[in-house]
Amino acid sequence: MSLKHLENKELVESTKRALNILSKAEANVLRHFQEIEGRRLWTGAGSLYKYIAATFGLTADQIYPRLQAMRLMRAVPEVEKKIEEGALSVTNALKAQQAFTSESKERVVSLEEKRQVLDTLSHASTKEADHILAQKYPETQKPCEKIKPVAQNQNLIQFYVDDVTLKQIEELKAKYSHQMPSGKMEDLIKILIQHDNRQPKPRKRLAIKTRSRHIPMAVKRELEKTRHLGCDHLIDGSGQRCGSKHFLQLDHIHEYSRGGTNEAHNLRWMCGFHNRHRFKTRSGAAKSASLFQSR
């Protein structure tokens, strides 16, 4: 449909109406998922996630955030209206639900507290939401360190530092600027490693709090109940499950490196072939997106 015939003012108003329809549709999808869960239509598939994937052909990135938003909507009824009005995005609802879940492992997060936090997230961007939640829950919102191979002889290292450490890093870059004209962090790290190798000295062991990939035994026992169904991969185009029962591995639906949990609803059985295939497909898509954004 062409919009070239619209005047500027008409185009702006038309865009507002389209966004309003989108917000209402998003809230409506969450209500449908909630009703499907309530009627337990998913029992034959083993989980609500698997049922939605098989029935509606949605991907993990489309399902997981909406299921988390749906659970937040069930816990805090006001969320439905916020999403419907466009005040709260599904992405920010996901971030809030993950923060509440993490914090609840240490203490009880009251309904009133959740409401107050969600009020501060109204009309916030994803970056602003990260900042708000990090300030409110500094311990549980600390992202884990990530090291990921991206190409041959190339690795992505991602970690977070506080303001003091960042200032110290900038001072080191200034100190060694004559040896690193590019100013790249990679060059600074190489210089510091070379300097350390020339002057070996005792090092203090730092206790770094990291997430664990260990899957609790209770979760494994629950997942064993669905092992007989075989590989959960949906074959492209056919909508049929692979079903292979050979070399089955537990796979994170929402990737562990992106904050996915070791809870049963975020795990599924995959044969070795399709587990590797999913990783290669995901890596290829991420590289394509990165190239597109750099243009």
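Let us start where two helices touch: in this predicted model, Ile-169, Leu-172 and Lys-173 of helix H8 meet Met-185, Leu-188 and Leu-192 of helix H9. H8 covers residues 163-175, and H9 covers residues 185-198. Their axes lie 10 Å apart, and the two helices pack at an angle of about 75°. That makes H8 roughly perpendicular to H9, because angles from 65 to 115 degrees are counted in that class.

Stay with H8 for a moment and look at Leu-166, which also belongs to this helix. Is Leu-166 buried or exposed, or somewhere in between? Its relative accessible area is 40%, so Leu-166 is partly exposed; the in-between class runs from the 20% limit for buried residues to the 50% limit for exposed ones. Leu-166 also has company at the surface: together with Ile-147, Ile-157, Phe-159 and Val-161, this leucine makes a nonpolar patch of about 470 Å². A residue needs over 30% relative accessible area to be part of a patch, and Leu-166, at 40%, therefore clears that cut-off.

Now step back to the whole chain. H8 and H9 pack against each other within a chain that has eleven helices and four strands. Of its 295 residues, 30% are buried. The chain exposes about 20,400 Å², and carbon and sulfur atoms supply 54% of that area. How much of the contact network links residues 24 or more positions apart? Counting contacts with a separation of 6 or more, such pairs account for 55%.

Technical notes. Residues are numbered from 1 along each chain as its sequence is written. This is a predicted model: local features need pLDDT of at least 70, side-chain atom pairs count only at pLDDT 80 or more; totals for chains, interfaces and linings use all residues. Side-chain values use heavy atoms; hydrogens and water are left out. Patches are made of residues with over 30% relative accessible area and no salt bridge: like charges are joined within 9 Å, nonpolar side chains (Val, Leu, Ile, Met, Phe, Trp, Tyr) within 5 Å. Accessible areas come from the Shrake-Rupley method with a 1.4 Å probe; for residues, only the protein chains shown count as cover. A salt bridge is a side-chain nitrogen of Lys or Arg within 4 Å of a carboxyl oxygen of Asp or Glu. Buried means under 20% relative accessible area, exposed over 50%, partly exposed in between (1.4 Å probe, protein chains only). Axes are lines fitted to C-alpha atoms, for helices over the stretch in contact, and angles run from 0 to 180 degrees between N-to-C directions. Angles under 35 degrees count as roughly parallel, over 145 as roughly antiparallel, 65 to 115 as roughly perpendicular and the rest as oblique. Contact means heavy atoms within 4.5 Å.
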